[in-house]
Amino acid sequence: MEDLIGIGFLLILLAGAYLIGTVGEKRHYSSIRKREARLSNILIFNEKMPPTIYAKHEFALVGGSVVMSSDYFRQTIASLKKLVGGRLTSFESMMDRGRREAILRMKEEAERIGAKVIFNIRIETCMLTKNQGGGGERGLACAELFAYGTALRAHGASLQNNA
Amino acid sequence: MKTDKILLSNIEYLAGYTISKHLGLVQGSTVRAKHIGRDLMAGLKNIVGGELAGYTELLNESRQEAIDRMATQALAIGANAIINVRFSTANIAAGAAEILAYGTAVVLERKE
């Protein structure tokens with residue numbers, strides 16, 4: 001009887017995590033797409049050297065970061081999938097959302113200071129797991145995505161750094 | 001904030017500016033741990049997935065502090081800008097992260 005309750009609880013947890021996780025993912029993607037469309041006027045490059053037409057521009061370091069995690073259901077599926085290998089779609093989605101979100105936050109910061117272009121973009125990833133190397137059941141699957149670059153803006157109001 | 005007084009960039013050569021003095025490497029770092037409440041909330045949030053806002057905030061605060069410390073060092077040696085800024089993050093223990101910011105302190109002058 002107790003085993004049944006245990007299994008039932010686990011199933012409810014998995015189903016709940018799946019539902020909320022899926023809704024959250026969809027919502028996040030639609031928000032990402034909306035903001036990407038709005039901020040598409042801010043150009044971003046990972047080139048180190050801005051062309052000389054930007055010589056008269058002011059610069060500031062901008063960055064955006066986000067810590068993303070995958071839901072319990074997808075983590076369970078991923079740990080099963082690890083047995084056979086191949087693509088772990090649930091983690092792909094997590095990293096993709098995180099990276100796009102980080103870039104968007106960086107762009108939003110550039111927008112706040114009035115910059116129209118960002119150069120030398122670097123993206124860093126840091127895994128924040130509870131169990132170091134253990135890979136045990138309790139390990140949180142989450143990662144920090146951080147994007148930063150140098151925003152350039154036309155000479156104008158006083159320069160500020162908000163990085 | 002210290003960062004208002006100093007120019008920061010992760011580009012090492014900026015068109016339109018000349019470097020009149022190189023002052024060497026400056027760095028700032030901080031090790032932060034989240035408090036137990038945040039940890040607990042993140043653990044719960046992790047069940048449904050998505051952004052862990054508590055951790056995002058924590059890392060942003062830490063990064064700002066690392067930048068501030070780096071800026072303090074640079075201002076102390078008379079720089080007005082830090083170029084070629086790099087960040088690095090290390091998860092040194094369970095629940096604690098080190099954020100390091102480093103760059104080259106320089107005296108930058110705008111070309112007329």
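This is a quick tour of how chain B is built and how it meets chain A. Keep in mind that you're looking at a predicted model. Chain B brings two helices and five strands to the picture, and some of those pieces end up working alongside strands of chain A: one open sheet of five strands takes in strands of both chains. We'll start with chain B as a whole, then go through the sheets, the helix that lies across them, and a few residues worth finding on screen.

**Chain B at a glance**

- If you walk along the sequence of chain B, you'll meet its elements in the pattern β-β-α-β-α-β-β.
- Of the 112 residues in chain B, 46% are buried.
- Take the contacts in chain B with a separation of 6 or more: 77% of them are between residues 24 or more positions apart.
- About 5,100 Å² of chain B is exposed, and 57% of that comes from carbon and sulfur atoms.

**The sheet inside chain B**

- Four strands of chain B make an open sheet in the order β1-β4-β5-β2, and the pairing is mixed.
- The edges belong to β1 and β2 (17-33) of chain B; each has a single partner strand, so one side of each has no neighbour in the sheet.
- On the parallel side of things, β1 (residues 7-8) and β4 (residues 81-93) of chain B are joined by two bridges. Look for Leu7(B), which sits opposite Ala81(B) in β4(B).
- The antiparallel part includes β4(B) and β5 (residues 96-110) of chain B, which pair over nine bridges. Here Arg86(B) has Tyr102(B) in β5(B) as its bridge partner.

**The sheet that takes in both chains**

- The other open sheet has five strands in the order β1(A)-β3(A)-β4(A)-β2(A)-β3(B), again with mixed pairing.
- Its edge strands are β1 (43-44) of chain A and β3 (50-51) of chain B, each of them pairing on one side only.
- The link between the chains in this sheet is antiparallel: two bridges connect β2 (residues 58-69) of chain A with β3(B).
- To find that link, look for Ser69(A), which stands opposite Gly50(B) in β3(B).

**A helix across strands of both chains**

- Helix α2 (residues 53-76) of chain B lies across β2 and β4 (142-153) of chain A and also β3 of chain B, at about 150° to β2(A).
- α2(B) also lies across β1, β2, β4 and β5 of chain B, where it runs at about 140° to β2(B).

**Glu144(A), a buried acid with a partner in chain B**

- You'll find Glu144(A) in strand β4 of chain A.
- With a relative accessible area of just 1%, Glu144(A) counts as buried, since the cut-off for that is under 20%.
- Its side chain makes a polar contact with the side chain of Arg63(B), at 3.0 Å.
- Leaving out residues up to four places away in sequence, Glu144(A) touches residues of both chains, including Val66(A), Glu124(A), Cys126(A), Leu59(B), Arg63(B) and Thr89(B).

**Aromatic rings**

- Over all chains, there are seven aromatic pairs.
- One of them is Phe146(A) with Tyr148(A): the ring centres are 5.2 Å apart and the planes are at 20°, so this pair is stacked.
- Both partners are tucked away: Phe146(A) is buried at 6% relative accessible area, and Tyr148(A) is buried at 1%.
- Tyr148(A) also pairs with Phe87(B), this time edge-to-face, with 4.8 Å from centre to centre and 85° between the planes.
- That second pair joins two chains, because Tyr148(A) lies in strand β4 of chain A while Phe87(B) lies in strand β4 of chain B. Like Tyr148(A), Phe87(B) is buried.
- Elsewhere, ring pairs tie Phe45(A), Tyr54(A) and Phe119(A) together as a cluster.

**Thr104(B), where distant stretches of chain B meet**

- Thr104(B) belongs to strand β5 of chain B.
- Its relative accessibility is 21%, which makes Thr104(B) partly exposed.
- Thr104(B) and Gly24(B) are 80 residues apart in sequence, yet their C-alpha atoms are 5.4 Å apart in space.
- Not counting residues up to four places away in sequence, Thr104(B) touches His22(B), Gly24(B), Ala81(B), Ile82(B), Ile83(B) and Asn84(B).

Methods
Residues numbered from 1 in each chain as written. Chains lettered and ligands numbered in written order. Predicted model: local features only at pLDDT ≥ 70, side-chain atom pairs only at ≥ 80, totals over all residues. Heavy atoms only, no water. Buried < 20%, exposed > 50% of the residue type's maximum accessible area, 1.4 Å probe, protein only. Contact = heavy atoms within 4.5 Å. Areas by Shrake-Rupley, 256 points an atom, 1.4 Å probe, with all protein chains shown as cover. Pairing = 2+ DSSP bridges. Axes fitted to C-alpha atoms, helices over the stretch in contact; angles between N-to-C directions. Polar contact = N/O pair within 3.5 Å; in protein donor to acceptor, adjacent residues only side chain to side chain. Phe/Tyr/Trp six-rings, centres within 6.5 Å; stacked < 30°, edge-to-face > 60°.
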